[in-house]
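Okay, thanks everyone for coming. I'll put the sequence and the model up, and then walk you through a few spots.

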Amino acid sequence: MQVNNTEINGFLIDQFNQHGLEVGATQGICPLCSHSRKPEHKKAKCSSYDWERGLGTCHNCDKSYQIHTYQRKGASEKVYARPDDPTIKPLHKKVVDWFASREISETTLRALGVDYGPEYMPQTGKKENVIKFNYYMGDQLINVKYRDGRKNFKLYKGGEKVFYNINSIVGYKECIIVEGEMDALSLYEAGIHNAISVPNGATLNTNNLDYLDNCIDYFEDKEKIILAVDQDEPGQALQRELVRRLGAEVCYIVTFDDCKDANEYLIKYGDTALIQKILKAKPVPLENVTTFNDIEDDVSDFVKNGFKPGFQIGLENFDRIFSTYTGQFISVTGIPSGGKSDFVDQMVVGYNRNYQWKTAFASPENQPTYLHAHKLMRKLWQDMPRKDDIGSDKWKRIGAKVNDNFFFIDMERYSLEAVLRKGAELVKRKGIKCLVIDPYNKVRDANAGSADVNVYTLEYLTKLEVFAKKYDVLVIVVAHPTKMYKGTDGKIEEPNMYNIKGGGEWYDASYHGLLVHRDYEKKTVKVKVLKVKFQNLGDNGAEAHFTWEPNSGSFIPEVMPTMDPADKLPWE
């Protein structure tokens with residue numbers, strides 16, 4: 001058996017055999033409990049060693065541990081501020097006693113790097129004696145969470161966000177994700193060492209999982225990921241986003257009955273009961289199978305509040321006639337140079353501004369990529385950046401916004417299968433909520449089962465729908481019409497969804513359809529709702545009119561007449 005590997009599961013070993021165990025042995029003493037056993041049992045071979053996985057398991061204390069330490073996996077994409085490594089010192093008795101009241105021992109505090117000391121807290125405006133939760137990746141101190149006696153929190157200013165205790169899941173085929181450091185400590189106390197915590201809890205309206213982006217490589221080998229987050233609304237929103245990003249097929253769910261979280265459950269029921277809770281985690285409901293229990297919250301919300309409002313882009317006249325849900329796709333058409341791609345850019349910038357959605361583009365016609373990035377930058381800047389702006393604070397801020405929220409899929413030959421595969425990867429690694437295909441005829445379905453245009457189109461759109469539903473994203477697909485004709489007035493006629501090649505399928509299969517049409521004489525752009533599947537999301541046939549501002553590339557709503565308050569649209 002080879003035991004001096006330089007890496008395990010893709011992680012480079014930092015310190016080989018950190019506990020000084022008998023190299024190559026399959027059994028031996030336990031570094032966690034043997035030293036505290038009776039003299040006659042101190043040398044008992046109570047522990048099994050798995051050198052290939054780098055893990056040990058004790059049959060006396062029922063705890064597992066890592067044989068080695070590991071270097072960080074995956075370099076950070078940005079430069080972050082880094083806290084100084086702490087000088088480990090004995091914890092204050094008051095701190096130890098407080099954690100003991102939460103059923104957390106000093107041994108656990110030391111194992112997970114908990115510290116104590118003075119720190120300025122902005123909530124109180126002065127230095128406070130605080131608990132410090134140190135966030136390590138490999139041997140690097142990445143961040144620190146500070147907590148004072150009034151339960152005020154802060155992270156190290158400018159520090160990178162990562163999972164707390166992330167080193168602990170290396171080598172394990174499964175891991176547990178909790179919502180707070182106290183919960184990770186509680187599971188460690190119970191003997192479950194492969195538990196990590198999100199750094200900033202959960203919020204109801206948005207969950208920016210940048211810490212998952214920074215740690216995604218740690219989940220590549222996981223066969224089971226147990227989500228043990230809080231049962232309140234923000235916790236459940238976090239749970240849904242983690243399932244979406246990590247994949248329902250590997251996710252399992254734990255609920256804590258009458259308790260809020262793992263620490264409360266440990267205090268009330270003890271470590272054995274907490275372990276059983278984790279062992280009895282239930283898989284995420286089967287894909288394509290729904291029971292009433294799965295959707296009871298949605299049913300209750302519908303009974304109380306009616307239809308949920310759709311997502312909007314922040315342009316008042318357009319928002320009055322159209323909105324959408326995720327898990328759907330929008331077909332956008334219009335004559336060449338009519339503003340289709342530009343308006344789609346306006347839409348995704350609006351979704352990002354309103355909901356922090358990230359978008360991936362598969363846009364063969366929006367080349368070279370730097371020009372597309374420049375278009376997005378202008379919309380965010382609300383002006384045309386000048387030479388003197390390069391390197392300014394605003395340039396850096398807007399540049400970072402584009403870099404972190406918009407991703408360009410560049411391929412020599414685009415295929416639908418490759419684009420959807422890359423889209424799925426971007427859901428996992430970056431958390432995108434929108435995928436744009438522009439135009440569809442340049443992203444061909446190489447695996448189509450038929451050359452018949454109607455069958456091909458239906459298969460294509462079905463694959464978009466499956467992707468949108470599986471990953472809970474919005475897909476926007478731009479489709480050119482076939483040859484258009486001029487009307488009696490000499491103007492090119494406005495296309496509709498039937499003018500797209502395979503048009504009947506486009507109308508029938510699409511959730512929504514939009515026309516973007518430029519009037520060159522009036523120098524205006526019209527966006528018309530060609531189809532909206534659900535009445536609460538929009539108004540078929542309704543139009544929104546814009547002028548186009550050339551410096552920013554933004555669509556400016558034309559002034560709307562004041563509506564009578566009683567004249568509300570059906571979904572308002």
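**A small sheet, two cores and two residues**

Let me start at one pair: Y49 sits opposite G56 in β5. This is a predicted model, by the way, so please listen with that in mind.

The strands around that pair are β4, residues 47-50, and β5, residues 55-58; they run antiparallel and are joined by four bridges. The hairpin they make has four residues between the strands, and in it G54 takes a positive phi near 75 degrees.

Carry on along the chain and β5 pairs again, this time with β6, residues 64-66, antiparallel once more and over three bridges. There, T57 stands opposite S64 in β6. This second hairpin has five residues between its strands, and here D62 has the positive phi, near 60 degrees.

Put those together and you've got an open sheet of four strands, in the order β3-β4-β5-β6, with antiparallel pairing. Which strands stand at the edges? Those are β3, at 27-28, and β6; each has a single partner strand, so one side of each has no neighbour in the sheet.

Okay, zooming out. The protein chain has 572 residues, and 49% of them count as buried. There are 15 helices and 25 strands, and the C-alpha trace spans about 105 × 60 × 55 Å along its principal axes. If you take contacts between residues at least 6 apart in sequence, 63% of them join residues at least 24 apart.

On the outside, the chain exposes about 28,400 Å², with carbon and sulfur atoms supplying 50% of that. For charges, we have 76 positive and 80 negative, and their mean positions are 3 Å apart.

Now the inside. As you all know, nonpolar side chains in soluble globular proteins tend to be buried together. In this model, the largest nonpolar core has 67 residues, and the ones with the most contacts inside it are F99, F163, I177, L185 and F219. Helix α3, residues 181-189, gives the most to this core, with five residues.

Have a look at F163 if you're rotating the thing. Skipping its neighbours within four places in sequence, F163 is in contact with Y135, I177, I196, S197, V198, Y211, L212, C215 and F219. There's also a second, separate core of 38 residues, and I313, V332, V344 and L474 are among its members.

Two single residues before I stop. First up is D221, in the loop between α4 (210-215) and β14 (224-228). So, is D221 buried or exposed? It counts as buried, because its relative accessibility is 16% and the cut-off for buried is under 20%. Leaving out residues up to four places away in sequence, D221 touches N9, Y172 and K173.

The other one is K401, which lies in helix α12, residues 393-405. With a relative accessible area of 34%, K401 is partly exposed. Again not counting residues up to four places away, K401 touches N352, L380 and F406. And for a sense of where that is, the C-alpha atoms of K401 and I166 are separated by 27 Å, with their positions 235 residues apart along the chain.

That's my tour, so shout if you want anything brought back up on screen.

Methods
Residues are numbered from 1 along each chain as its sequence is written. This is a predicted model: local features need pLDDT of at least 70, side-chain atom pairs count only at pLDDT 80 or more; totals for chains, interfaces and linings use all residues. Side-chain values use heavy atoms; hydrogens and water are left out. Buried means under 20% relative accessible area, exposed over 50%, partly exposed in between (1.4 Å probe, protein chains only). Contact means heavy atoms within 4.5 Å. Accessible areas come from the Shrake-Rupley method with a 1.4 Å probe; for residues, only the protein chains shown count as cover. Lys and Arg count as positive and Asp and Glu as negative; His and the chain ends are not counted. The place of a charge is taken as NZ of Lys, CZ of Arg, CG of Asp or CD of Glu. Two strands pair if DSSP finds at least two bridges between them. A nonpolar core is a set of buried Ala, Val, Leu, Ile, Met, Phe, Trp, Tyr and Cys residues joined through side-chain atoms within 4.5 Å.
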